[in-house]
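Thank you all for coming; I would like to walk you through one model this morning. Please look at the sequence and the structure on the screen before I begin.

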2 protein chains.
Amino acid sequence: MTQNLRSMVERLKAVSHPLRLRVLALLGSGELCVCQVAEVLQVPQSSVSEALRELRRAGFVNERKEGRWVFVSVVSHPNTSQLLQGILAEAMALVEMQQDRERVADVKTLGIPAVCCKVEKAAKAEAAHV
Amino acid sequence: MTQNLRSMVERLKAVSHPLRLRVLALLGSGELCVCQVAEVLQVPQSSVSEALRELRRAGFVNERKEGRWVFVSVVSHPNTSQLLQGILAEAMALVEMQQDRERVADVKTLGIPAVCCKVEKAAKAEAAHV
DNA sequence: TAGATACATCGGAAATTATCGAAATATCAA
DNA sequence: TTGATATTTCGATAATTTCCGATGTATCTA
């Protein structure tokens, strides 16, 4: 709101990208840490990190550090512009996003250590195909 | 609505561009012909034409041919998605757009011939700096 | 018909963006 | 401290986008 043309275009560019829009829609269901996002979307961590950087620059997501982990979420609704609300609502309604949400549910029930910590993740994977 | 990720990204890309967003916001105030848009924004006709092509592909604007002129307008509101409404509302509120709207008022009162037809336009320009 | 003109498309060089492995940074745990 | 690890930043190529003059197309008028 009350911004200029350039900044509005930058904000729109931030979501004009498949991965970045997927990440935003994913966070629409609640806070996640970076490795959870990478796990759900099955993309390199560096790509997720860069996507989040752009979404942060656009003012769409917040970050919260907790030790080694960085938790990201959509900015709180009082400050949310009508623009973000419209984009988020429509993105979350996409068919592709429902699959992502299913994977989020799994990842959340497993918990962060099983998803993000290498050793526990490896152990879980091993147990999966005995 | 009820679209896929790819098409939503394409629609967002269509407005992630200064000229295209300006054109959309301009049409938010009402129908104009292509040459009026070019005159108001002071950009080459080919650029306006290309901008409108993208906005049309994205489903944001309609066209209506009348002889040599092509009139363009924002798609009618019943079919308008929440996404377009949010983008249009925010774009029309930008400071840059108020200046554009002032120029639109001038252009509309002059009428299409004085703005678009080369001979009348030249006569008007000549009269302006006698 | 011929000329004028509103608009669309084309060409193609310049600028921007995407992508992801590799290296850097920061935090934990032993 | 040393090693492990979650995340960010860097590098560098590939792909895409931007931009506008030149050309093409369709419609008007004389």
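**Polar contacts between the chains**

Let me start with a polar contact of 2.7 Å, which joins the side chain of A:Arg11 to that of B:Glu90; by polar contact I mean a pair of N or O atoms within 3.5 Å, where within protein one must be able to donate a hydrogen and the other to accept it, and where residues adjacent in sequence count only if both atoms are side-chain atoms. I should say at once that this is a predicted model, in which local features need pLDDT of at least 70 and side-chain atom pairs count only at pLDDT 80 or more, while totals for chains, interfaces and linings use all residues. Residues are numbered from 1 along each chain as its sequence is written, chains are lettered from A and ligands numbered from 1 in the order in which they are written, and side-chain values use heavy atoms, with hydrogens and water left out.

A:Arg11 belongs to helix α1 of chain A, where helices (H or I, at least four residues) and strands (E, at least two) are DSSP runs numbered from the N terminus. Because its relative accessible area is 13%, A:Arg11 is buried; the term means under 20% relative accessible area, with exposed being over 50% and partly exposed in between, using a 1.4 Å probe and protein chains only. The side chain of A:Arg11 also makes a polar contact of 3.4 Å with the side chain of A:Gln3.

What does A:Glu90 contact with its side chain? A:Glu90, which sits in helix α5 of chain A, makes a side-chain polar contact of 2.7 Å with B:Arg11 and another of 3.0 Å with B:Gln3. A:Glu90 counts as buried because its relative accessibility is 10%.

The helix that carries A:Glu90, α5 of chain A, spans residues 82-92, and its buried residues are A:Leu83, A:Leu84, A:Gly86, A:Ile87, A:Leu88, A:Glu90 and A:Ala91. Those buried residues pack against α1 (5-15), α2 (18-27), β3 and α6 (95-110) of chain A, and also against α1 (5-15) and α5 (82-92) of chain B, where contact means heavy atoms within 4.5 Å.

**The two DNA strands**

Turning to DNA strand C, 24 residues surround it, and the closest are A:Glu50, B:Cys35, B:Ser49, B:Glu50 and B:Cys116; a residue is near a strand if one of its heavy atoms lies within 4 Å of it. Of the atoms of strand C within 4 Å of the protein, 72% belong to sugar or phosphate and the rest to bases. A polar side-chain atom of A:His17 lies 2.8 Å from a phosphate oxygen of this strand, one of B:Ser49 lies 2.7 Å from a phosphate oxygen, and one of B:Glu50 lies 2.8 Å from a base nitrogen. The largest share of the surface near strand C, 6 residues, comes from α4(B). That surface divides into 8 nonpolar, 7 polar and 9 charged residues, where Ala, Val, Leu, Ile, Met, Phe, Trp, Tyr, Cys and Pro count as nonpolar, Asp, Glu, Lys and Arg as charged, and the others, Gly among them, as polar.

DNA strand D is likewise surrounded by 24 residues, of which A:Cys35, A:Gln45, A:Ser49, A:Glu50 and B:His17 are the closest. For strand D, backbone atoms come into the picture: a backbone N or O atom of A:Val34 lies 3.4 Å from a phosphate oxygen, one of A:Cys35 lies 2.8 Å from a phosphate oxygen, and a polar backbone atom of A:Val70 is 3.3 Å from one. The elements giving two or more residues to this surface are α3, α4, β3 and α8 (118-128) of chain A, together with α4 of chain B, and α4(A) supplies the largest share, 6 residues. The residues near strand D divide into 8 nonpolar, 7 polar and 9 charged.

**A buried strand residue**

I will finish with B:Val72, in strand β3 of chain B, which counts as buried because its relative accessibility is 0%. Leaving aside residues up to four places away in sequence, B:Val72 touches B:Leu27, B:Glu31, B:Leu32, B:Leu52, B:Asn62 and B:Glu63. The C-alpha atoms of B:Val72 and B:Val37 are separated by 9.4 Å, with the two residues 35 apart along the chain.
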